[in-house]
Amino acid sequence: MIIKTAEFVTSMSKYGPFATAGLPEIAFAGRSNVGKSSMINCITGRNGLARTSQSPGRTRLINVFLINQQMNLVDLPGYGFARVSRSELQSWGAMMDGYFGNTDCLKHVFHLVDIRHEPSKEDREMNAFLRANGFAFTVIATKADKVSYSQQKSNLNMICRTLQVQPWQIIPFSSKTKAGRAEILNRMEEVCRESEGEEQEPNG
Ligand SMILES: Nc1nc2c(ncn2[C@@H]2O[C@H](COP(=O)(O)OP(=O)(O)O)[C@@H](O)[C@H]2O)c(=O)[nH]1
Ligand SMILES: [Mg+2]
């Protein structure tokens, strides 16, 4: 997929109708600070498109970006931030349930995990949630520039074992070096193509 246009659509504290709804959606899930917003900026080639942050837990909204007038990228609020109050945790849960329970257009989830660490309890819970609810997903191991090549290989194996994905299904990615960007754009194109196919199904 070649990115021709990328624009911010809206921020929502609760999933509901928005201007570009109805197009296929790819959601970005992962812990705060894992690199979701950086990845959206990197793959779209638009540096200030999604707000990135040094301090975890800043993105408490669902942010939507329109790509090529063709699909919506949905940047979900991150989980796993430290020092969170019970009410914040509840509102995070309600936002996620509100999104996953109400979107009709979600075609794929990019589940981001940090390549440096063993997937956390929340990472494993997200993985289990996606499987249990039948959402198609790709695990993306972020910040690949922070480890050596040999470390990358062993960490990818460890992540694959923990999240029960095959080694060829995981994409190592770095928004610093753009490693993995082409693969992710390919995946996005596949998702678009598959959802066009689905729409034609009733006729043939
Ligand atoms: N070295 C490196 N740092 C990254 C990468 N992606 C994100 N970061 C840094 O990690 C922090 C959190 O990134 P952000 O995109 O805001 O994470 P989000 O909370 O998941 O949206 C920022 O300081 C980024 O500069 C990466 O691929 N490599
Ligand atoms: Mg973010």
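Tutor: Helices and strands are DSSP runs, numbered from the N terminus, with at least four residues for a helix (H or I) and at least two for a strand (E). In this predicted model, the chain read in that way follows the pattern β-β-α-β-β-α-β-α-β-α-β-α along the sequence.

Student: How many helices and strands are there in the chain?

Tutor: The chain holds five helices and seven strands. Its radius of gyration is 16 Å, close to the 17 Å that the globule rule gives for 204 residues, so the chain is as compact as a globular protein of that length. Along the principal axes, the C-alpha trace spans about 50 × 40 × 35 Å.

Student: What percentage of the 204 residues in the chain is buried, and what share of the contacts with a separation of 6 or more comes from residues 24 or more positions apart?

Tutor: A residue counts as buried under 20% relative accessible area and as exposed over 50%. Buried residues make up 48% of the 204 in the chain, and 74% of the contacts with a separation of 6 or more come from residues 24 or more positions apart. As for the outside, the chain has an accessible surface of about 10,800 Å², and carbon and sulfur atoms account for 46% of it.

Student: How should I read a single helix, and how many of the residues of α1 are buried?

Tutor: An α-helix has 3.6 residues a turn, so residues three or four places apart point the same way. Helix α1 is mostly covered, with eight of its nine residues buried; among them are Lys36, Ser37, Met39 and Ile40. After α1 comes Gly45, which has a positive phi near 70 degrees.

Student: Which residues other than glycine have a positive phi?

Tutor: The general expectation is that most residues other than glycine have a negative phi. Two cases to look at here are Asn33, with phi near 80 degrees, and Gln69, with phi near 55 degrees. Asn33 is found in the loop between β2 (25–30) and α1 (36–44), and at 35% relative accessibility it counts as partly exposed. Gln69 belongs to the loop between β3 (62–67) and β4 (71–75), and its relative accessibility of 53% makes Gln69 an exposed residue.

Student: Asn33 makes me think of the ligand; how many residues surround ligand 1, and which are the closest?

Tutor: There are 17 residues around ligand 1, and the closest are Asn33, Lys36, Ser38, Asp145 and Ser175. By character, the shell divides into one nonpolar, 10 polar and six charged residues.

Student: Which polar atoms of the protein lie 2.7 Å, 2.9 Å and 3.0 Å from an oxygen atom of ligand 1?

Tutor: A polar backbone atom of Asn33 is 2.7 Å from an oxygen atom of ligand 1, whereas in Ser37 an N or O atom of the side chain is 2.9 Å from a ligand oxygen. Lys143 places a polar side-chain atom 3.0 Å from an oxygen atom of ligand 1. Ligand 1 would expose 580 Å² if taken alone, and the protein buries 88% of that area.

Student: Turning to the aspartates, is Asp114 buried or exposed, and which residues does it touch?

Tutor: Asp114 lies in strand β5 (residues 106–114) and is buried, with a relative accessible area of 10%. Leaving aside residues up to four places away in sequence, Asp114 touches Val34, Thr142, Lys143 and Ile159; the side chains of Asp114 and Arg116 are joined by a polar contact of 2.8 Å.

Student: And where does Asp123 lie, and what does its side chain reach at 2.9 Å?

Tutor: Asp123 lies in helix α3 (residues 121–132), where its side chain reaches the backbone nitrogen of Ser120 at 2.9 Å. With a relative accessible area of 5%, Asp123 is buried, and the residues it touches, not counting those up to four places away in sequence, are Arg31, Tyr79, His111, Leu112, Val113 and Leu163.

Student: How far apart in space are Asp123 and Phe18, and Asp97 and Tyr15?

Tutor: Asp123 and Phe18, 105 residues apart in sequence, are 28 Å apart from C-alpha to C-alpha. Asp97 and Tyr15 are 82 residues apart in sequence, and their C-alpha atoms are 9.2 Å apart in space. Asp97 has its place in helix α2 (residues 86–102) and is exposed, with a relative accessible area of 52%.

Definitions and conventions:
Residues numbered from 1 in each chain as written. Chains lettered and ligands numbered in written order. Heavy atoms only, no water. Near = heavy atom within 4 Å. Polar contact = N/O pair within 3.5 Å; in protein donor to acceptor, adjacent residues only side chain to side chain. Areas by Shrake-Rupley, 256 points an atom, 1.4 Å probe, with all protein chains shown as cover. Nonpolar A, V, L, I, M, F, W, Y, C, P; charged D, E, K, R; others polar. Rg over C-alpha atoms; globule rule 2.2 N^0.38 Å. Buried < 20%, exposed > 50% of the residue type's maximum accessible area, 1.4 Å probe, protein only. Contact = heavy atoms within 4.5 Å.
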